[in-house]
Structure formats: C-alpha cells, structure tokens
Amino acid sequence: MTGKYRPDIDGLRTVAILPVLLFHAGVPGLLGGFVGVDVFFVISGFLITGIIAREVDEARFSLVRFYERRIRRILPALAVVMLFTLVGAVWLFLPSDFKPVPRSIVAALLSVSNLLFWSEASYFGASAHLKPMLHTWSLAVEEQFYIFFPLLLIAIRNWGMRRRKLLLMVIFFGSLALSIVLVPRKPDFSFYMLPTRAWELMAGALLAIGAVPAVRPRFAREVVSLLGLAAIVAAVVLYDETTPFPGLAALPPVLGAAALIYCAPGTLVGRLLSWRPVVFIGLISYSLYLWHWPIIVFAEYATDAPLAGWRTVAVVVASLVMATLSWRFVERPFRSSQQVPAPRLFRMAGVTAVVVAAACAVAMVGNGWPGRFTPATLEMDDARNDFSPRRKNCHWEQGAGPDTRAPCTLGADVAPDVALWGDSHGVELAYALGELAGARQRSIAELTASSCPPVEGIEVPGRTGCAAANRKALAWLEARPEIRTVVLAGYWANDAIASNPAVPAGLTRTVEALQAAGKRVVLVGAVPPNPMPVRIRLAHLAERGALAEAEGVSPAALAERMAYLAPTIATLRERGVTVIDPAATMCTPSFCAIQQDGKALYFDAHHLSLTGARLLAPQVAAAVYR
C-alpha cells in the first residue's frame, strides 16, 4: 500500500477503455468489450482502498477530504457531459425519446442511474441506443460502494489485520456467490446493482490491503501477468450479449485485471502497459468513457443507422478528441487544489448541481417539447404507441407460464378454437387475428411469452424460464382438443435465436408434438427486422416531406439472415405445416416496407405495430379459417 505512481495502471485503464469504446462503436470481433467496465472496477477498488486504508491506519483519514477527492475526480467532466447530452437531446431527439433524458441526467447526478436503468429494464424499456446516459450506471455503482466502504474501514480500523482481511474476503465471496446465483434468475438486477458487483471492487481492495500473497519469482510474475492479459483479451473476443453476466463469466476479466495489478511491474506486460502512448489513453480514460457513449447515441440517431465504416472511425476520433480536451481543460484543473481550492470546489459543485437539476426540471416540464417538430413528424413518433391494447394483461413477461395467468381469449365471447403461441412477435398479430375472428363470431387464445419463441427445450440468454413456459404452453394446448389450429410466431431473425444450433430441431419437436395432439399448425415466418427504430427513420423522412423514400431491409438480406432455418421450414411444409411468409406481403423485390399510407408498420425496430399486424393478419386468417 504505497502511494507511488504506477504508469502500468494507467496502461491497464487503456486495456479497460479501448474494448468498451470499440465494442460500442460496432467494431467487429469485440462483442465482449463490455468487460472493460469490470477491469475499471478492480482498478478503482485497488487504488481507492489503498488510499483509504493507508490514511485510516495513520489516523489521518477524513471523510470530507475523501469526498472532496471524489468530487474533483468525478463531477467536473461529468457535469460537462450532462449538459452536452441535454443540449444534444433537445436538438436531435423526438419527444418520446427526449422525455426520459432529463430524468436519467438527474439520476446520474445523484449517483442512482443504475437504479433507474434497472427499473427500466423491462420489455418496453427504451433501447440502449436511445439512452445517452446509460453508461453512467457503472459510476453509480462505484459511488454507492464508496458511500459505505470508507465507513466500514473506519469501523474496523482497530481490528487486527487478519480479521480485516477475513471480513473483506467474506464480502468478496458473498457478493460473488450472490452474483452467480442471481444471474440466471434476475439478470437485470445482477448486471446493474451493487450487491452483485461489489466483489469486483473488492478484488482490487483485497490486493490493496495485502490479502493476497506476493508473487516474487520473476518468471512467475511474467507468466501471471501474461495470463492476466490473456484472460481479459479472451473475454473481449469470446463473450457477446448472450453471455450470462456478471457471475462466473466475470471472473476471467476481474482476475485478469487483479493479476496485472499485482504482477505486471517489471515484466514484459508491465513495460508494454507503461509505454507512453498506452499510458496517455489511460490518463484520458475517464473522459473517454464519459464522452464516447453520448456521441455514439447521437450519431446513430442522426443517421438512422448503426455505426459502420467511416462513421465508426469518425465517432472513435471524435470521442478521443473530446476526451483529450476534457482531460486537459476540465479534469486536470479541477484536480489541482492550487487552481481550485476546496471551498471554491464545493461552491462550484453546489452551483453545478443546481444548474444541471434546474435545466433538467425545465426540460421535464415540456413533455418532450413537441413544438420542435411538424405534426407529420409527431405522428410518426407516436407509432411507438401503436401496439396491442391487451399486451400488458395478455403477454407473459420473463417467461411466466399459463398456470399463473390464463391465456387471453381475443375475439367473440365464445370458446377459442384457434391459439397463437409465440414470443412478443405474436402479440399484435394475435390481437389483429382476434379482430378477424370476432367478425366470424369466433375467438383465438393468445399464449405469448417475452423473448421465448415456441421452440421446445431451449433457453434464451438473458431471459428466465423459457423452456418451462413453453412446456406449460404445450401442456395447455394438448389438454384442449377444442383448439384445432395453432399459429406459431416468433422473432426468428433474432441473432440470439439464429445462433442457437438447437433451434431447428426444437422447432421440429414443437410441431411434431402439436400434430401428435391432433392440431393443425400454421407457422408464421420472420418479420423483416430493421437496424434502428422505424418510427425514428419515418419521423426524419416526414420532417423533410420524403416519406415516399422509406425503405426497410432487402429481401436478400432477410433471406441470408434466415438461412439457418430454411431447411427446417422446407421440411415442415412437407409434413403438412402451412407456412406464412410475412415478406410475401411486406416486401418488393428490392426492399421491405416500413410504412403504408403514412402509417408505420412497426412500433420499434422489429415488432410489427397494430397497423403492420393488420396488414399481415388476413394472410394468416386465410390459412387458419380455410
């Protein structure tokens, strides 16, 4: 626990921030770049605990000085990014996307943004790429940790070193165990919340208090540091959004970072991390972390497309430039007590907090400030509300099964003889089919579970209980001979589904089980997905009076995405399954439609709106009621 500057730790910050930046910028092959945040947690735990523990042991620790240092480190650059984000959102965002932004800025100011984004982590939570302050969740986790941790170290300062180490190890293993247990059960809580992330900060803290035996042989240090770097790189390259995280999957990057902190000095890896260009990126890493995400969000929003090619390069360069300026002209001056004495710092922090909060309050009052846009643009934005009015009470979230809530009956007040079984892509279609069924004095049962396609035996990363929900749905259908036809609908073009090799066989088993139960099966193929929310693209076109230019993905791109399931669908046709291809209704030879007669066919990027479902429903009804 010395205060000596270590350039290799700034280099390790570079190892943390570059994967995050490049992953968010869409650079291929780095889908696990999010683990850079975990590396930051370990670094923070090591450095801050070292300072606190040293000052506590020397009886000179002051909470006021500690939080003064935290304010100097965190607030100035964050405040500038907050104001940039608010102004950028006013300039770019449609009313429905703008309304959550001031609230998220206030949450970041109060260090509770992880709580906010956890609470919004529901099916109708805005896409991550519509949340320019989303990345501040990790800052909130850190600040919450440092509310309690210094008090703990003060409380146990008279304990012997052995008892202190033992207590911190208990906290480390307890938090790790909680993370492992909750990741499959409560993935959103596990990702955003301090109790399941504290162990990552504690990993650094344990190093700082000497709880880990020193590695002295030079060769061993070389090997451990190489393995540590390899563990981080492997996670960056091998992980993706389907990896259950944090839990056990967070161990390689966390232990890798700990290994580098403990063993890198004097090694080959340590010299690499201490190289001046690498150290410089580490020095600006905090500002780079703050700036890169709002820049990415605004760039994608303005261009209606995910980053790629020259736009990726431009965003990375812009992030580096803004981070360098922020570090030089905001971070460095405020870290100096000569340039900004403590009394002045506290006054400026108070004024900044009031200004930011007041600006956000004004922004909240405006209800999204719709006066910025034309009526035609606002009509496109309102497409986000064009979903089934029964979605909330008929759709099963998180895989909850039909034994907890009976399937809804849509249509006439008669017993259903048709059922739609699927994931969220079936909700609006079920409602539209219910309208057509009601006109025939018939009804349809809806069995839909969020992110759980009707595929026997599979689980979907990030969702809980899909296999169980599908078993319950199948049992419900098998027990009702009056249900003579079952419509299967799913987000078949979802990468998480397409990458699962068990899906084709599981879908076949589903169909076989239904046919064995005497059901006729109608399979609805893939709805053409779009890279960004359709309403945003249409709103931008409407603002220019150019709705006629609206085009979605090409049929060729859709066919390529669905190639994994094409042989299975062909086989199912031969087995008597009626297959409905949405592309036959929605696509021309060159592109798939995203609007019809000035109405959006989607309420986000890939879910059909009610307008879109009503366009497709007659084709499905013709097969169901033939």
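# A guided walk through the model

Our starting point is D597, which sits in the loop between β8 and β9 (599-600). The names of helices and strands follow DSSP runs, numbered from the N terminus, with helices being H or I runs of at least four residues and strands being E runs of at least two. The model is predicted, so local features need pLDDT of at least 70 and side-chain atom pairs count only at pLDDT 80 or more, while totals for chains, interfaces and linings use all residues. Residues are numbered from 1 along each chain as its sequence is written, and side-chain values use heavy atoms, with hydrogens and water left out.

D597 is exposed, with a relative accessible area of 74%. Here exposed means over 50% relative accessible area, buried means under 20%, and partly exposed is in between, using a 1.4 Å probe and protein chains only. The phi of D597 is positive, near 55 degrees, in a residue other than glycine. As background, most residues other than glycine have a negative phi, and most peptide bonds are trans.

Stepping back into strand β8 (residues 595-596), we meet Q595. Its side chain reaches the backbone nitrogen of G598 at 2.9 Å. This is a polar contact, meaning a pair of N or O atoms within 3.5 Å; within protein, one must be able to donate a hydrogen and the other to accept it, and residues adjacent in sequence count only if both atoms are side-chain atoms. Leaving aside residues up to four places away in sequence, Q595 also touches L538, L547, A550, A600 and L601, where contact means heavy atoms within 4.5 Å.

Next comes strand β4 (residues 443-449). All 7 of its 7 residues are buried, so β4 is largely enclosed by the rest of the structure. Which residues lie on each side of β4? S443, A445, L447 and A449 are on one side, with I444, E446 and T448 on the other. In a regular strand the side chains alternate between the two faces of the sheet.

Several strands pair with β4, and pairing requires that DSSP finds at least two bridges between two strands. Strand β1 (residues 395-396) runs parallel to β4 over 2 bridges, and W396 has A449 as its bridge partner there. Strand β2 (residues 408-411) is antiparallel to β4, joined by 4 bridges, with C408 partnered by E446. Strand β3 (residues 418-422) is parallel to β4 through 5 bridges, and V418 is matched with I444.

The path from β3 to β4 passes over helix α20 (residues 427-439), and together these make a right-handed β-α-β unit. Right-handed means that, with the strands pointing away from the viewer, the path from the first strand over the helix to the second runs clockwise. In the loop between α20 and β4 you will find Q441. Q441 has a positive phi of about 60 degrees although it is not a glycine, and it is exposed, with a relative accessible area of 58%.

What lies in the interior? The largest nonpolar core has 192 residues, and those with the most contacts inside it are F93, W421, L447, L477, L488 and V620. Such a core is a set of buried Ala, Val, Leu, Ile, Met, Phe, Trp, Tyr and Cys residues joined through side-chain atoms within 4.5 Å. Not counting residues up to four places away in sequence, L488 touches residues including W421, P454, L507 and V524.

Two helices show how one face can be turned inward. In helix α26 (residues 566-574), the buried residues are T568, I569 and L572. Seen down the axis of α26, these fall within an arc of 100 degrees, so they line one face of the helix; the arc is that of the directions from the helix axis to the C-beta atoms. The face turned away from the buried side carries the exposed residues P567 and E574. Among the elements covering the buried residues of α26 are α23 (503-516), β6 (520-524) and β7 (578-580).

In helix α14 (residues 276-283), V278, V279, I281 and G282 are buried. Down the axis of α14 they fall within an arc of 160 degrees, so they line one face of that helix. They pack against α1 (7-24), α13 (268-273), α15 (285-303) and α16 (310-335).

One last stop is the peptide bond from F245 to P246, which is cis, with omega near 5 degrees. P246 lies in the loop between α11 and α12 (251-263).
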